[in-house]
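Take a moment with the model before reading on. The paragraphs below walk through it one part at a time.

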Amino acid sequence: MPECRYPLTALQKGMMYQSLRSPQSGLYVQQLVGRLREPLDVPLFKAVWSCLMARHTVLRTRIHLADESDLCQEVAPDAPPEW
């Protein structure tokens, strides 16, 4: 069960419409690529990322697409990343 449910704003609905209409367009996708100078401490990185997800609801929020009349944002109580 979601922790919270919120309706989409008009802007979010428009973004969803455009994304569903042209899924391969790459609209609203932002990607950043970089190189680390030091070796990554993977266990520490995973632990920190889990703490961030627990603290910030935006990192656990998804758009629920049951049907177009019921578009909403859902905040999951827990959303462990897939490593």
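**From a helix to a sheet and a pocket**

M16 is found in helix α1. This is a predicted model. Is M16 buried or exposed? With a relative accessible area of 16%, M16 is buried, because the cut-off for that word is under 20%. Its contacts reach away from its own stretch of chain. Leaving out residues up to four places away in sequence, M16 touches L8, I63 and L65.

Stay in the helix for a second residue. Q18 also has its place in helix α1, which covers residues 10-21. Q18 has a relative accessible area of 27%, so it counts as partly exposed: the value lies between the 20% and 50% cut-offs. What does Q18 touch beyond its neighbours within four places in sequence? The answer is L27 and Y28. Q18 can also be placed relative to a residue further along the chain. E74 is 56 residues away from Q18 in sequence, and the C-alpha atoms of the two are separated by 20 Å.

Y28 deserves a stop of its own. Y28 lies in the loop between α1 and α2, the latter being residues 42-55. Its relative accessibility is 48%, so Y28 counts as partly exposed. The backbone of Y28 stands out too. Most residues other than glycine have a negative phi. Phi of Y28, however, is near 65°, a positive value in a residue that is not glycine. Y28 can be placed against M16 as well: 12 residues separate them along the chain, and their C-alpha atoms are 9.5 Å apart.

Now turn to the sheet. How many strands form it, and in what order? There are 3 strands, in the order β1-β3-β2, and they make an open sheet with antiparallel pairing. The edge strands are β1 (4-7) and β2 (61-64), each of which pairs on one side only. On average, neighbouring strands of this sheet are turned by 30° against each other, direction ignored.

Look at the pairings one by one. Strands β1 and β3 run antiparallel and are joined by 4 bridges. Here C4 has V75 in β3 as its bridge partner. On the other side, 4 bridges join β2 to strand β3, residues 72-75, and this pair is antiparallel too. R62 stands opposite E74 in β3. H64 has C72 in β3 as its bridge partner.

Strand β3 also shows how side chains are arranged. In a regular strand the side chains alternate between the two faces of the sheet. In β3, C72 and E74 point one way, while Q73 and V75 point the other way. Which of these are buried or exposed? All of them are buried.

The last stop is empty space. Rolling a probe the size of a water molecule over the atoms shows where such space is left. The largest pocket holds about 160 Å³. Its lining includes M15, M16, S19 and S22. Further lining residues are P23, S25, G26, L27, Y28 and V29. By type, the lining divides into 6 nonpolar residues, 4 polar and no charged. Two residues met earlier return here: M16 and Y28 are both among those that line the largest pocket. L27, a contact of Q18, lines this pocket too.

How values were computed
Residues are numbered from 1 along each chain as its sequence is written. This is a predicted model: local features need pLDDT of at least 70, side-chain atom pairs count only at pLDDT 80 or more; totals for chains, interfaces and linings use all residues. Side-chain values use heavy atoms; hydrogens and water are left out. Helices (H or I, at least four residues) and strands (E, at least two) are DSSP runs, numbered from the N terminus. Buried means under 20% relative accessible area, exposed over 50%, partly exposed in between (1.4 Å probe, protein chains only). Contact means heavy atoms within 4.5 Å. Two strands pair if DSSP finds at least two bridges between them. Axes are lines fitted to C-alpha atoms, for helices over the stretch in contact, and angles run from 0 to 180 degrees between N-to-C directions. On a 1 Å grid over the protein atoms alone, a cavity is a set of points where a 1.4 Å probe fits but cannot get out, and a pocket is an open set with protein on both sides within 12 Å along at least five of seven lines; lining residues have an atom within 4 Å of a point. Grid points are joined across faces, edges and corners, and a volume is the space filled by probe spheres set on the points. Ala, Val, Leu, Ile, Met, Phe, Trp, Tyr, Cys and Pro count as nonpolar, Asp, Glu, Lys and Arg as charged, and the others, Gly among them, as polar.
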